[in-house]
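Visitor: Could you take me through one part of this structure at close range? I would like to look at the sheet and what belongs with it.

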Amino acid sequence: MTATTINDAEVAKFTAMAEEWWNPNGKFKPIHKFNPVRLAYIREHALAHFGRDGSLLRPLEGLTILDVGCGGGLLCEPLSRLGATVTGIDAAERNIAIARLHAEQSGVAVDYHATTSEALAAEGKTFDIVLNMEVVEHVDNVPLYMKSCADLVKPGGLMLTATLNRTARAYALAIVGAEYVLGWLPRGTHDWKKFLTPDEIKTLLKRNGLKVTGETGVVYHPLADEWRKSRDMGVNYMVMAERPAA
Ligand SMILES: C[S@@+](CC[C@H](N)C(=O)[O-])C[C@H]1O[C@@H](n2cnc3c(N)ncnc32)[C@H](O)[C@@H]1O
Ligand SMILES: [Mg+2]
């Protein structure tokens, strides 16, 4: 049997929620709220890394982006609007169907496929930027997942990872708080044991030939009802890495 990163129960869970992706007040409300800060992070680092002029209408023109575990395409669409050539993949076929329909209705070009990072890496595909946003805590075989995501990064390219830290605070906020007290997320969305610390993520990136070049925490500000970057990586965080040019 070939090794897979697919956890059937996780993929079934996301399949069951697929109709909700583009509802800003639905089950993915936290991701909608979270989207501006991570889009800004991706945009800022893509511009800096590839020497692009942010004042242009489509500053990412000519760059290829792969969004692994793209869900309904909440990142794919705005990145395509910024000019990038975007491919979105997800293990849940239903997500891909919803993402395709929405992109079509919005008049945005995104190349969507129901597949996995390991399948795409086996084909030898590579991209300027690989996004790994809120997925690693939902997969099986994390080493294979991180290796295949890293293999998909071109020499000189970037990989951005966002996930949840395995701390007591993340348990209190992301699981007890978000799922049970506030009801922001359906109960059972996250399994604390599957969370990875920034050091574990960085070790996996380095092991697969990437150089870690940045990291930030992301924290919710209740009064502003807004997520912002922070030095505090204790709950939500993002890590940036690059594959040295060949
Ligand atoms: C929390 S959602 C994040 C969606 C998207 N990246 C975002 O942040 O808007 C996790 C996504 O990963 C997908 N997924 C789970 N396991 C996967 C795997 N092994 N390979 C690819 N996608 C997977 C799920 O179907 C789901 O759409
Ligand atoms: Mg998650």
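Guide: Gladly; here is the sheet, followed by the core. This is a predicted model, in which local features need pLDDT of at least 70, side-chain atom pairs count only at pLDDT 80 or more, and totals for chains, interfaces and linings use all residues. Residues are numbered from 1 along each chain as its sequence is written, while chains are lettered from A and ligands numbered from 1 in the order in which they are written.

The sheet is open and has eight strands, in the order β3-β2-β1-β4-β5-β8-β6-β7, with mixed pairing. Strands here are DSSP runs (E, at least two residues), numbered from the N terminus, and two of them pair if DSSP finds at least two bridges between them. β3 (111–113) and β7 (226–230) each have a single partner strand, so they form the edges and one side of each lacks a neighbour in the sheet. At the β3 edge, three bridges join it to β2 (residues 85–89), and the two run parallel. One bridge partner to look for is H113 in β3, which belongs to I89.

From β5 (residues 153–164) we can step into the largest nonpolar core, since this strand gives the largest share, six residues. That core has 60 residues, and I65, V130, L131 and M159 have the most contacts inside it. Such a core is a set of buried Ala, Val, Leu, Ile, Met, Phe, Trp, Tyr and Cys residues joined through C-beta atoms within 7 Å; buried means that 20 or more other C-beta atoms lie within 10 Å of a residue's own, with C-beta atoms placed from the backbone. Not counting residues up to four places away in sequence, V130 touches L66, V68, C149, L152, V153 and M159 (C-beta atoms, placed from the backbone, within 7 Å).

Key: A residue is buried if 20 or more other C-beta atoms lie within 10 Å of its own, exposed if 12 or fewer, and partly exposed in between; C-beta atoms are placed from the backbone. Helices (H or I, at least four residues) and strands (E, at least two) are DSSP runs, numbered from the N terminus. Two residues are in contact if their C-beta atoms, placed from the backbone, lie within 7 Å.
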